[in-house]
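Subject: Structure handover and findings

Dear colleague,

Please find the structure below, followed by a summary of what was found in it.

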Amino acid sequence: MLRPTRMKKLQIVALEGFRDDIVKGLQALGTVHLSDYSEAINDPHLKDLLQPHPISPNIRRIAAQNIALNRLLDVFERHDPDPREGFIKAVFAPMPPKKLETEELSGPGLLDVVDEIIGKVDAEVAQPVQDLERIEEEIAEHGKTRGLLDLVAALDIDLGDVGDWGFTSVLLGVAPKQELENLRERPEEITDNAFYLGAGETSEDRIVTAVVCLKEQTAAVLAALRRLNWERVEIQGLQGTPRQAIDSIDKRLEELDQEKRAKERMIVDIARLRKDELRKYRELLMAERQRGENHTKFARMEHVVVIEGWVPSESVAQAVQEITSITSGACVADLTEPDANDDVPVQLKNPRFFKSFELLTRLYGLPTYNGVDPTVFLAPGFLLFFSIMLTDAMYGLIALVLGMLLIRGGGKYNEMIKDGGIILSSAGIATIIIGALSGGWFGGFGLKLPVLASLQVFDPMVQVTSFLLIALTIGLVHVNVGVVINVAHKLKAGQRWKAISENLWFLFAQPGLIFIVSGNKSLGLVFIVIALILLLGGHKAMSMFQITGFMGDILSYARLMALGLCTTGIAMTVNVLASMLYMAGWLGIALAVIIFLFGHVFNFLINAMGSFVHGLRLHYVEFFTKFYQSGGTEFAPLEMKFDTIEIK
Amino acid sequence: MELSSGIVWAIMGAAISMGLAAIASGIGVGLAGVAGAGVISEDPKKFGPVLVLQALPQTQGIYGFLGAVLILIGVGVLGGAVKEIPAAMGYAALGGGIVIGLSSFTAVAQGAIAASGMGAVAKRPETFGQSVVLAVMAETFAIFGLLIAILIFVGTKIMGG
């Protein structure tokens, strides 16, 4: 709480032979964030001693295996896709994720087994896939011919006669119907009547034609026909009338379709049998790859490997014990405190309820290792702001119910959804309280019940000016909290000058103004002078902007009131529209109910989103700027993290 | 029924509040929508964050709507009997409508920021939160516009009077 987990730098020097076991041990522990020690070779003291550590030789093989596994899984996914959950179902009522139990496997042993399984599945699936491709090609080919035959189906000729013969050519083609006369006459003119054209109708304005001409005149005839928009249809290697050809192609297509289904069923059967197995090995490979890739972060000298990482203080003993037991004590595990130049990874550490709000801190950016973790301040502030801007108990109830559904639905298997659910439901509870106090029950709708009306202590639509003052006062307090955190943090970090020069002046200026206004001018002036000295000393020429900046920050909290009124105002409008319709007979009543429901759902959605983003904004822009420094690197330990498998 | 000139001025205030806000929000949502369509053509899975970013410049339209409704309720055109109000009060309502309508034009800038934010989200999805905050910055002045209008309505007893 208040600051990230304290870390220790762990430096391991061990015999190269223990390298893989150490890495595996650290991965199983899941508490060590490996840092890049390869740069240490640039250190003038170490450069003669250390060499860069090469990447694991297994990496290339793992990459090839990964590609092969993905290729097979893609084939399976194409023919036997996994059932997909819609967004709503995935978030509110997901299926429990499938867990596959597996033996622990690693190193060359794992790679050999994976090679074997890839070979086996490849052999099983290659033939049906190849057959399927051939069948699909044939289907496409027949489909194309079938399309051409459809064009000439109206002709009653033997397709075996089409083509070039000893002296004559027989050609098929389609043309616009109105050209029929020309199609007959023009070629007759150029061929001296050595030409025959038979025609059939295909549609209202198209005709299909069979043309017979002398072989030596084919080119001239074709040219004449094309000028009349005649398009040739080239069909080869078929016998019988077009109708008969279509029938036989249809029959063949049916056979092919059955063959295709059979092959697909075969692939599906193999998929059902092998999919989980392939996925299991893919995940094991991923862990293996993670271990292997980290080799480049190490340094080595002759037979010794140097590994450096960060361990949370409370996990140090366990990590050292693990390494000592792996190497039977033949190693050096050196622990040091981080120094000022270290880029220490950041792990946020907050009690359970606040832990969920880390999501909102992360959204802005992780704090630096020596900075303040603002999550415990952010949580209550966010809930307060959200509830004031949503300011309706019924909307709060909707948020609470949605939040609970998230926690009990997708939250069971997904931490982020669970955190979102906790934030939404706690924001819902806060909104119910603020909504009840301000008389928001679907706008003023619920106030018809005396019980609910009796809870109201404040009417935002009437006491508008008081609402504005409350909003600005909250802003003032919030900004002050930010300033106090900054001063306290800087003092603790030994940065005294920063503590007093940055924004301490603001804390002196306020009592100064209060004393002056309340009549105690001399005491007030003392405070104001101190504030001015601090301000001018710390900010010099930019002092003026500090004052306007703080004023702007506090004014910005007026949005609490404006957006609160916005929710209330729109809710009121919905109620007014609905009540006007309610007076207009039974159809009006039905419409009134629809307007009421849709209106309030719309108002809830739009204003819940507004309350969320503006609640965050007030923290990110007005509050965090007083003390917060982001830019930390996420603590990402080497760990065994599997989606679907469980090691026995 | 004879309408007093005060009522007519107030109605003009409501019309300007909603009308200008609708134009401004429409342009803003349009700018963001064009960029959004580009992003989802590359990656349809980004529809969620893109939609949220596109919705941001809509809020000014809602402020315009709220301003118009507050005026209409205040002078009794909506949900009650039309009040006899003095012309000066009508001018005040018009002033409130104008400030909301004009400040809604922040939606245009917000739409442009949201559009760039979508570009950022397309490349690096983790920048979504920051992109939303950047876009929300532009809305501050629309909120201040709404705030001033509300203060005008309260001060002239159009609201809460």
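How many bridges join strand β5 of chain A to strand β6 of chain A? Two bridges join β5 (residues 163-164) to β6 (residues 168-176), and these strands run antiparallel.

Some conventions first. Residues are numbered from 1 along each chain as its sequence is written, while chains are lettered from A and ligands numbered from 1 in the order in which they are written. The model is predicted: local features need pLDDT of at least 70, side-chain atom pairs count only at pLDDT 80 or more, and totals for chains, interfaces and linings use all residues. Helices (H or I, at least four residues) and strands (E, at least two) are DSSP runs, numbered from the N terminus. Two strands pair if DSSP finds at least two bridges between them.

Strands of chain A

Within the pairing of β5(A) with β6(A), Gly163(A) stands opposite Val170(A). A hairpin of three residues connects β5(A) to β6(A).

β6(A) is also joined by nine bridges to strand β8 (residues 206-214) of chain A, again in the antiparallel sense. There, Pro176(A) of β6(A) faces Arg206(A) in β8(A). Two bridges link β6(A) to strand β9 (residues 231-232) of chain A, and these two strands run antiparallel; Gly173(A) has Arg232(A) in β9(A) as its bridge partner.

β8(A) pairs with strand β7 (residues 195-201) of chain A as well, antiparallel and over seven bridges. In that pairing, Phe195(A) is matched with Cys213(A) in β8(A). The hairpin that joins β7(A) to β8(A) passes through four residues.

Helices of chain B

Chain B has six helices and zero strands, and its pattern along the sequence is α-α-α-α-α-α. Its C-alpha trace spans about 60 × 25 × 20 Å along the principal axes.

Helices α3(B) (59-74) and α4(B) (residues 87-103) pack at an angle of about 175°, with their axes 9 Å apart. Axes are lines fitted to C-alpha atoms, for helices over the stretch in contact, and angles run from 0 to 180 degrees between N-to-C directions. The two helices are therefore roughly antiparallel to each other (angles under 35 degrees count as roughly parallel, over 145 as roughly antiparallel, 65 to 115 as roughly perpendicular and the rest as oblique). Two residues are in contact if their C-beta atoms, placed from the backbone, lie within 7 Å. α3(B) contributes Tyr63(B), Gly64(B), Gly67(B) and Ile71(B), and α4(B) contributes Ala93(B), Gly96(B), Gly97(B), Ile100(B) and Gly101(B). By class, this contact has four nonpolar, five polar and no charged residues. Here Ala, Val, Leu, Ile, Met, Phe, Trp, Tyr, Cys and Pro count as nonpolar, Asp, Glu, Lys and Arg as charged, and the others, Gly among them, as polar.

α6(B) (128-155) has 28 residues, which should span 40 Å at 1.5 Å a residue, and its end C-alpha atoms are 40 Å apart, in agreement. The expected span is 1.5 Å times one less than the number of residues. α6(B) bends by about 35° at Ala138(B), the bend being the angle between axes fitted to the seven residues ending there and the seven starting there. After α6(B) comes Lys157(B), with a positive phi near 65°.

Contact between the chains

The contact takes 25 residues from chain A and 22 residues from chain B. On the side of chain B that touches chain A, α3(B) and α6(B) each supply at least two residues, and α6(B) gives the most, with ten. The residues of that side comprise 17 nonpolar, five polar and no charged.

Kind regards
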